[in-house]
Amino acid sequence: QLQLVESGGGLVQPGGSLRISCLASGSSLQYFVVGWFRQAPGKEREGVSCISKSGNMTSYADSAKGRFTISRDNAKNTVYLQMNSLKPEDTGVYYCAADLGSWCSRVMDHWGKGILITVSS
């Protein structure tokens, strides 16, 4: 019943910034932990960040720490990922995912279809 749609992807130069959004519909997002995942060309999907239902706890992959910030606005049913100091290795398809559980995992119940982010000159 929960649908997730990512937006904000595109081409950005190395060192640049991008904010992507995950808009939920069908259910109130406040009951879901939400995470961002990405899949680079030729690589397995990896977790990037996760945010608790209230937004009071967050986690990041080592590659994202210090550069990415996850946040949520439950009133807007939206989760964001602010990405700064982007590197070519950040290139990939980014997915948001949601689950009623306590934290993010590779097998979350709801997934967006993903958006492509390309970091290149």
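## Exercises: salt bridges, a sheet and a loop residue

A search of the whole structure, a predicted model, finds four salt bridges.

### Exercise 1

Task: Trace the salt bridges of R38, and state which residues join it in one network.

Solution:

1. Start with E46. R38 forms a salt bridge with E46, with 2.8 Å between the closest N and O atoms.
2. Turn to D90. The side chains of D90 and R38 also meet in a salt bridge, at 2.9 Å from N to O. This pair links distant parts of the chain: R38 lies in strand β4, D90 in the loop between β8 (78-83) and β9 (92-99), and 52 residues separate them.
3. Check burial. R38 has 5% relative accessibility, so it counts as buried, the cut-off being under 20%. D90 is buried as well. E46 has 30% relative accessibility and therefore counts as partly exposed.
4. Assemble the network. Through shared partners, salt bridges join R38, E46, R67 and D90.

### Exercise 2

Task: Find the salt-bridge partner of K65, and decide whether D62 is buried or exposed.

Solution:

1. The side chain of K65 meets that of D62 in a salt bridge, 3.1 Å from N to O.
2. D62 has 66% relative accessibility, so it counts as exposed. The cut-off for that class is over 50%.

### Exercise 3

Task: Lay out the open sheet of four strands, and identify its edge strands.

Solution:

1. Write the order: β1-β3-β8-β7, with antiparallel pairing.
2. Mark the edges. β1 (3-7) and β7 (68-73) each pair on one side only.
3. Add the twist. Neighbouring strands of this sheet are turned by 15 degrees against each other on average, direction ignored.
4. Look at one pairing. β1 and β3 run antiparallel over five bridges. In this register, S7 stands opposite S21 in β3.

### Exercise 4

Task: Describe the surroundings of Q30, starting from its place in the loop.

Solution:

1. Locate it. Q30 sits in the loop between β3 (18-25) and β4 (33-39).
2. Classify its exposure. Q30 has 39% relative accessibility and therefore counts as partly exposed.
3. List the contacts. Leaving out residues up to four places away in sequence, Q30 touches K53, R72 and N74.
4. Take one of these, R72. Q30 and R72 are 42 residues apart in sequence, and their C-alpha atoms are 9.2 Å apart in space.
5. Finish with the polar contact. The side chain of Q30 makes one with the side chain of S28, at 3.0 Å.

Note on methods:
Residues numbered from 1 in each chain as written. Predicted model: local features only at pLDDT ≥ 70, side-chain atom pairs only at ≥ 80, totals over all residues. Heavy atoms only, no water. Helix = DSSP H or I, 4+ residues; strand = E, 2+ residues; numbered from the N terminus. Buried < 20%, exposed > 50% of the residue type's maximum accessible area, 1.4 Å probe, protein only. Contact = heavy atoms within 4.5 Å. Polar contact = N/O pair within 3.5 Å; in protein donor to acceptor, adjacent residues only side chain to side chain. Pairing = 2+ DSSP bridges. Axes fitted to C-alpha atoms, helices over the stretch in contact; angles between N-to-C directions.
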